[in-house]
Amino acid sequence: MRRGWWAALALGLLRLCLVQANFAPHFFDNGVGSTNGNMALFSLSEDTPVGSHVYTLNGTDPEGDPISYHISFDPSTRSVFSVDPTFGNITLVEELDREREDEIEAIISISDGLNLVTEKVVILVTDANDEAPRFIQEPYIVLVPEDIPAGSSIFKVHAVDRDTGSGGSVTYFLQNLHSPFAVDRHSGVLRLQSGATLDYERSRTHYITVVAKDGGGRLHGADVVFSATTTVTVNVEDVQDMAPVFVGTPYYGYVYEDTLPGSEVLKVVAMDGDWGKPNPILYSLVNGSDGAFEINETSGDISVMQSPAQLQREVYELHVQGANAKFNLQLVGARGIFRVVPQTVLNEAQVTIIVENSAAIDFEKSKVLTFKLLAVEVNTPEKFSSTADVVIQLLDTNDNIPKFNSHYYVARIPENAPGGSSVVAVTAVDPDTGHWGEVKYSIYGTGADLFLIHPSTGLIYTQPWASLDAEATARYNFFVKAEDMEGKYSIAEVFITLSDVNDHCPQFGNSIQKKTMVLGAPVKIEAIDEDAEEPNNLVDYSITHAEPANVFDIDAHTGEIWLKNSIRSLDALHNITPGRDCIWSLEVQAKDRGSPSFSTTALLKIDITDAETLSRSPMAAFLIQTKDNPMKAVGLLASTMATVVAITVLISTATFWRNKKSNKVLPVRRVVRKRSAPAPRTIRIEWLKSKSAKAATKFVLKEKPNENCNNNSPESSLPPRAPALPPPPSMAPSTGAAHWTVPTVSGSLTPQQSQLPPNPKTMGSPVQSTLISELKQKFEKSMHSKAYF
């Protein structure tokens, strides 16, 4: 009865102490380009319609529990996707725009109800041709001198397209094909066509319509091309290319007899042929006056300087012109980059060309600048002019940094790649020339230890000694740096994934395994394949040899072994067993699904019993339940022992303090103990002898005295006897006061144990022996693999 109570208590405490381990679920990693798994390196076109099913989250739980999926975003960003928690289907719920957001960060999670596993993923938004070219810095108004040489560039239009690839390339065309102008289709530079001239007096303004087209691309499954137009207004600037023109020629003047010297006899009027910027007219007499006449150089008034009597001829023919020693200087084709000082010169002068806009000078765009210096007479009717070519050679400076052609590089190599294998090549370009444009590559980061990069070519390859293992580390992530000679640099990120190779064979725990099978229930074998990916780590099971062969069936996927449906009792099993033995030996095989496939075999010994035999022995039933988990049995044993020790300590402590309070003995006083009434449970109290041999014995016990002794004999159920009187004190002389030894009392409560010999039926059955042996083997295996309960 008491044993049953203890067993029930131990089992109850066991249920409270044991917790079944539950492993967390995990996502499948199906690699680049997959639409099924954990969204690693997943990319999506920006023209994907809202409501589209774009991906499926996929994972598994080791215990086979139902799993659910979730997706979340940072509160400061948009919630672009939604997910079906049951099937993992991810749907696009907001429009994408690569030009505004080319990466989307999300947090995906998988849960089995108890464990939650989260991963941070980055979804790359790829480009679609959804942007049209756009001209910048409009409106375009250009002032061009009318004497600009044919073929000269007059302006540059610029349009940008935010798309990438062919959709972001822009070419230029003129809408009017009969225009005196032409445009470079790649650079957008407008030029005066060969053989064409401008004339301010004939046409002062020209309007040029320029069309910018992108290279075309895909949008919503169709090929599209976008374009934009702009108008360039060209104002023709008048230059001094027209001589002055006299108005009202010929002129006649008369001198009368009474005309006084200094009197005005004639006025000539001339107008500048350049109407846009007419210069003041200066008049002078070239010949024919013989000193008799003078002209006012600004007004054109001609006066006689002699009296009529002094004039030697009846008719004078005068020739009038303007001044020719003054001229203006201007730069043609400099486009506001340079200016000339001085701008007006008399006779001759030394001029200086000054940089006016240094930001417009770029060696990478144009290494040579050419323009013309134009000199035009100011006060002459012919307005003769001359030009000089100015050529400026630019020198390069290190004003650019190396730039990678991509922000990240993705590569995948097999795990059995030998040392020194090429992985991926990165490329960065520095537009500077000479040593300024030389690029040196390097890698760094926690994942870069197994890799090298060629400093000049950018080829990344594995270390010669590197041994890759997808089972140990399946992904590597590090940074690559492109640096010029002056230390200017840019950075890109490299992602390398190892492809799993079937280089492990399935392994059983032991080459010989022992199992106990209960009729109607299966036993399970398990082999572990340490490969990293499916199908290399998926295992199929089979029975390769059994005598006879028609007793067992095996589930190829789970490894569960059953008796065939025709065998439903031990008697039926005995009928086909030659020695009526219920212990069978099978050869089982575990084979992975890789290519090539690997397999391993093990010997399995099965001890078969039935539920009726188990019901006779609860211990055997428990061993059956824990045969596949030896640590569970160890936990039960440890918990039971801890419970028993805790209860014993509590009862002993309570008994000690109760006895201590009720049995205080003062010096030189006799201890009198009250006889206790019989109790349902026996508590035996022992009195210990005094430590001093010279002190008188206070109490005499029937049993042999022993400290902290528990007497479990049948006599312990009788009431305790009164202690006998101590013997008279010794008469030996003493040098001091007598010392009294105070006896102490201790006791413990223990259940009675039966004195009957043990029952052979309860000492253990063959089933128990087999189970205990199997449990021992599994426990040793677990301890060997450093598994802790």
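A nonpolar surface patch is made of residues with over 30% relative accessible area and no salt bridge, with nonpolar side chains joined within 5 Å. The exercises below apply this and similar terms to a predicted model.

**Exercise 1. A nonpolar patch**

Task: Name the residues that make the nonpolar surface patch, and place I491 in the structure.

Solution:
- Step 1. The patch is made by Y444, F479, Y489 and I491. Its area is about 360 Å².
- Step 2. I491 sits in strand β43, which covers residues 489–499.
- Step 3. Check the exposure. I491 has a relative accessibility of 39%, so I491 counts as partly exposed. A patch residue needs over 30%.

**Exercise 2. A charged patch**

Task: Which residues gather in a patch of positive charge on the surface? Then find the place of K156.

Solution:
- Step 1. The patch gathers K156, R191, R335 and K365.
- Step 2. K156 belongs to strand β13, residues 153–156.
- Step 3. The relative accessible area of K156 is 41%, so K156 is partly exposed.

**Exercise 3. The chain as a whole**

Task: Describe the chain by its secondary structure, burial, contacts and surface.

Solution:
- Step 1. Start with secondary structure. The chain has six helices and 54 strands.
- Step 2. Turn to burial. The chain has 789 residues, and 35% of them count as buried.
- Step 3. Look at contacts with a separation of 6 or more. Residues 24 or more positions apart account for 65% of these.
- Step 4. Finish with the surface. The accessible surface comes to about 47500 Å². Carbon and sulfur atoms hold 54% of that surface.

**Exercise 4. The surroundings of H206**

Task: Is H206 buried or exposed? Which residues does H206 touch, not counting residues up to four places away in sequence?

Solution:
- Step 1. Locate the residue. H206 lies in strand β18, residues 205–214.
- Step 2. Apply the cut-off. Buried means under 20% relative accessible area. H206 has 18%, so H206 is buried.
- Step 3. List the contacts. With residues up to four places away in sequence left out, H206 touches P180, F181, L198, V232, T233, V234 and V236.

**Exercise 5. Backbone angles**

Task: Locate the cis peptide bonds before P139 and P596. Then compare the burial of M39 and H220.

Solution:
- Step 1. The peptide bond from E138 to P139 is cis, with omega near 0°. P139 is in the loop between β11 (134–135) and β12 (140–145).
- Step 2. The bond from S595 to P596 is also cis, again with omega near 0°. P596 is in the loop between β51 (583–592) and β52 (599–609).
- Step 3. Now take phi. M39 is not a glycine, yet its phi is positive, near 60°. M39 is found in the loop between β2 (36–37) and β3 (43–45).
- Step 4. H220 is not a glycine either, and has a positive phi of about 55°. H220 lies in the loop between β19 (217–219) and β20 (222–224).
- Step 5. Compare the burial. M39 has a relative accessible area of 0%, so M39 is buried. H220 has 57% relative accessibility, so H220 counts as exposed.

**Exercise 6. Salt bridges**

Task: How many salt bridges does the structure hold? Work through the pairs of R475, R98 and D223.

Solution:
- Step 1. The structure holds 12 salt bridges.
- Step 2. Take R475. Its side chain meets that of D29 in a salt bridge, at 2.4 Å from N to O. R475 lies in strand β42 (residues 475–483), and D29 lies in the loop between β1 (26–27) and β2, so the pair ties together parts that are 446 residues apart in sequence.
- Step 3. Check both partners. R475 is partly exposed, with a relative accessible area of 42%. D29 is partly exposed too, at 30%.
- Step 4. Take R98. R98 forms a salt bridge with E99, and the closest N and O atoms are 3.1 Å apart. R98 is buried, at 15%. E99 is buried, also at 15%.
- Step 5. Take D223. The side chains of D223 and R218 form a salt bridge at 3.1 Å, N to O. D223 counts as exposed, at 62% relative accessibility. R218 is partly exposed, with a relative accessible area of 48%.
- Step 6. Add a network. Salt bridges link R78, E94 and E101.

Conventions:
Residues are numbered from 1 along each chain as its sequence is written. This is a predicted model: local features need pLDDT of at least 70, side-chain atom pairs count only at pLDDT 80 or more; totals for chains, interfaces and linings use all residues. Side-chain values use heavy atoms; hydrogens and water are left out. Patches are made of residues with over 30% relative accessible area and no salt bridge: like charges are joined within 9 Å, nonpolar side chains (Val, Leu, Ile, Met, Phe, Trp, Tyr) within 5 Å. Accessible areas come from the Shrake-Rupley method with a 1.4 Å probe; for residues, only the protein chains shown count as cover. A salt bridge is a side-chain nitrogen of Lys or Arg within 4 Å of a carboxyl oxygen of Asp or Glu. Lys and Arg count as positive and Asp and Glu as negative; His and the chain ends are not counted. The place of a charge is taken as NZ of Lys, CZ of Arg, CG of Asp or CD of Glu. Helices (H or I, at least four residues) and strands (E, at least two) are DSSP runs, numbered from the N terminus. Buried means under 20% relative accessible area, exposed over 50%, partly exposed in between (1.4 Å probe, protein chains only). Contact means heavy atoms within 4.5 Å.
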